[in-house]
Amino acid sequence: MAQAAAVAKPPAPPRRRRASATPRRLPYLLIAPAALLMLGFIAYPVISVFYYSLQHYNPTKPWRNGFAGFDNFVHAFTEDPLFWDTLVFSAKWVVVEVSLQLLFGLALALIVNQTFAGRALGRALVFSPWAVSGVLTSAIWVLLYNSQTGITRYLADMGVGEYGTSWLSDTSTVFSAAIVADLWRGVPFFAILILADLQSVSKDLYEAAEVDGASRVRQFLHITLPHLKDAIILSTLLRAVWEFNNVDLLYTLTGGGPAGETTTLPLYIANTSVDAHNFGYASALTTVAFVILLFCSIVYLRLSKFGGESK
């Protein structure tokens, strides 16, 4: 009996499995809880501030609460001289503080970047004030400025000044005293960031410049500064925003006094909301401060060409 020759069929190619979308989405799923939590903590306060800025809201006077429209903003710009006074002082405070902190921070970073005996200890001492909180910094400097046991007492013992002098109570010295206290804490911030960027500058550039006969000043201007451009721009922007919003140090150091000489806009907002319970007007002032910071930050980044190549 003849059997038909069986024709062998080639094996079918394996089916390609669809790439599961789960591995691609897994990183986003893992960070989703933290992202939603952060969004809630950030978005809710921001939306609340914008909402209350359009309201008359004072818990101690509920009969006056209600929709205000733009009345709070009109009052701030046309009827409240303290708003303009505190805004001008805030600008003065930011410009002076950030400029001096950048100058001293750059100098310290250049010094501790050199090789010398005890460099590790020197760096630790330079950076340590940045680890101190604003309130604790204020407590330290309140003791230093104390008229009975502080610096002025020892100066008076040496014949400089008079006994009982309080720099924090004198309108002619309170600004300088507050500036020095905040410099002590703010300078290390610039020193840390600038030093970190200095570590990445190639030594070959300086060696080549020395061979070409470039002086230390020319090396600093044409090698160091261009390399530090982005670090300086970013650090000054961050520090300017922080200094503008500085409340803890000035509140505990001077309380905005004497006679309102050291009252910044955020400190005025804090007093308006916490002391006067006028949360609607304080929210409007906060909104104005937010717009000012946002506008200045955008203009600063555009003018400084952050991220662009240095010529």
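This is a short dialogue about reading helix contacts and confidence in a predicted model.

Biologist: Where should I begin, and what is the average pLDDT of the protein chain?

Modeller: Begin with confidence: where pLDDT is low, the predicted coordinates should not be read in detail. Here the protein chain has a mean pLDDT of 86, and 91% of the residues score at least 70. Among its elements, helix α3 (residues 81-112) has the highest mean, 94, and helix α6 (residues 151-157) the lowest, 82.

Biologist: Which residues does UniProt list for the "domain: ABC transmembrane type-1"?

Modeller: The unreviewed UniProt entry gives residues 87-300 for it. Over that stretch the chain is 72% helix and 0% strand, with the end C-alpha atoms 18 Å apart.

Biologist: How do I read a helix pair, and at what angle do α9 and α12 cross?

Modeller: Angles over 145 degrees count as roughly antiparallel. The axes of α9 (residues 216-244) and α12 (residues 279-304) cross at roughly 170 degrees and come within 11 Å, so the two helices are roughly antiparallel. Their crossing is right-handed. In their contact, residues including Ile233 and Leu237 of α9 meet residues including Leu293 and Tyr300 of α12. That contact divides into nine nonpolar, three polar and one charged residue.

Biologist: Now for another partner of α12: is the crossing of α11 and α12 left-handed or right-handed?

Modeller: That crossing is left-handed. The axes of α11 (residues 265-275) and α12 come within 8 Å and cross at roughly 160 degrees, which means that α11 is roughly antiparallel to α12. Tyr268 and Ile269 are among the α11 residues here, and Phe279 and Leu285 among those of α12. This contact has eight nonpolar, three polar and no charged residues.

Biologist: Does any residue of α12 appear in both lists, and which one should I look for?

Modeller: Look for Ala289, which is listed in the contact with α9 and in the contact with α11.

Note on methods: Residues are numbered from 1 along each chain as its sequence is written. This is a predicted model: local features need pLDDT of at least 70, side-chain atom pairs count only at pLDDT 80 or more; totals for chains, interfaces and linings use all residues. Side-chain values use heavy atoms; hydrogens and water are left out. Axes are lines fitted to C-alpha atoms, for helices over the stretch in contact, and angles run from 0 to 180 degrees between N-to-C directions. Helices (H or I, at least four residues) and strands (E, at least two) are DSSP runs, numbered from the N terminus. Angles under 35 degrees count as roughly parallel, over 145 as roughly antiparallel, 65 to 115 as roughly perpendicular and the rest as oblique. A crossing is left-handed if the near helix is turned anticlockwise from the far one by less than a right angle, and right-handed if clockwise. Contact means heavy atoms within 4.5 Å. Ala, Val, Leu, Ile, Met, Phe, Trp, Tyr, Cys and Pro count as nonpolar, Asp, Glu, Lys and Arg as charged, and the others, Gly among them, as polar. UniProt positions are given in the numbering used here, feature names are shortened, and annotations may be inferred rather than shown by experiment. pLDDT is the predictor's confidence in each residue, from 0 to 100.
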